[in-house]
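Dear colleague,

I am passing on the structure we spoke about, and I would be glad if you could look through it before reading my notes underneath.

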Amino acid sequence: MNVTLHLAQDPEADELLGRSPLAALTGMLLDQQIPMEWAFKGPATIARRMGAEDLDAHEIAAYDPEEFAALLSEKPAVHRYPGSMAGRIQQLCQYLVEHYDGDAEAVWRGVGTGRELLRRLQELPGFGKQKAQIFLALLGKQLGVRPEGWREAAGDYGEPKSFRSVADITGPESLARVRAHKQETKAAAKAAKAAKATGTAGA
């Protein structure tokens with residue numbers, strides 16, 4: 001795995017994401033309740049604060065939880081909720097150590113079908129179906145991991161040039177399109193909720 005990603009919009013952070021399977025998984029884990037670039041810059045920040053050039057699942061899994069939370073909480077914080085996200089990252093790394101000997105790439109290396117890959121991703125701590133499908137789409141679209149039926153397993157996120165998620169971000173222009181799509185989706189959901197509330201009140 002050695003490609004150029006543009007998810008953090010930061011050369012150092014993106015370089016790490018493109019060569020480190022664990023960094024890519026960690027960025028995906030962090031990608032909630034904060035801007036995408038902030039989330040995907042996180043792995044490089046964590047590695048730098050640990051005095052390393054990459055993330056190591058064994059090291060993170062064995063790290064003292066309070067010290068790891070403090071490391072993520074240093075300003076600028078890695079996430080809006082650095083304490084809880086530190087715990088989630090450690091859970092992810094502990095799972096990878098237990099099931100894949102700490103090798104994040106083993107989650108998808110040699111997997112036969114998209115359905116099997118989706119199952120493996122959903123088994124990771126912190127990865128619900130949507131997050132798993134987005135990461136599967138990222139693997140297929142940008143990292144060359146394309147087992148049979150990967151687009152179908154990734155759902156809407158697997159569609160070519162759908163601009164629904166980080167899987168379609170290749171630079172500033174596509175980032176803007178993905179962000180616009182997310183805002184439209186959020187606005188639609190809000191409108192639907194309001195309409196439902198009005199309907200219930202009128203019933």
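The notes below go from the annotated domain to backbone geometry and then to surface charge.

Please keep in mind that this is a predicted model. The UniProt record, an unreviewed entry, places the feature "domain: HhH-GPD" at residues 27-185; over that stretch the chain is 58% helix and 0% strand, and the C-alpha atoms at its two ends are 22 Å apart.

As background to the backbone, most residues other than glycine have a negative phi, and most peptide bonds are trans. Against that, Lys75 and Pro76 are joined by a cis peptide bond with an omega of about -5 degrees, and Pro76 is found in the loop between helix H5 (65-73) and helix H6 (82-100). Gln9, which is not a glycine, has a positive phi of about 55 degrees; Gln9 lies in the segment before helix H1 (11-19) and counts as partly exposed because its relative accessible area is 32%. Asp101 likewise has a positive phi, near 55 degrees, and sits in the loop between H6 and helix H7 (114-122). With a relative accessibility of 58%, Asp101 is over the 50% cut-off and therefore counts as exposed.

On the surface, a patch of negative charge is formed where Glu53, Asp54, Asp56 and Glu59 gather. Of these residues, Asp54 is placed in the loop between helix H3 (36-49) and helix H4 (57-62), and Asp54 counts as partly exposed because its relative accessibility is 31%.

With kind regards

How values were computed:
Residues numbered from 1 in each chain as written. Predicted model: local features only at pLDDT ≥ 70, side-chain atom pairs only at ≥ 80, totals over all residues. Heavy atoms only, no water. Patch = residues over 30% accessible without salt bridge, like charges linked within 9 Å, V, L, I, M, F, W, Y side chains within 5 Å. Areas by Shrake-Rupley, 256 points an atom, 1.4 Å probe, with all protein chains shown as cover. Salt bridge = Lys/Arg side-chain N within 4 Å of Asp/Glu carboxyl O. Lys, Arg positive; Asp, Glu negative; His and termini not counted. Charge placed at Lys NZ, Arg CZ, Asp CG, Glu CD. Helix = DSSP H or I, 4+ residues; strand = E, 2+ residues; numbered from the N terminus. Buried < 20%, exposed > 50% of the residue type's maximum accessible area, 1.4 Å probe, protein only. UniProt positions renumbered as here; feature names shortened; annotations may be inferred.
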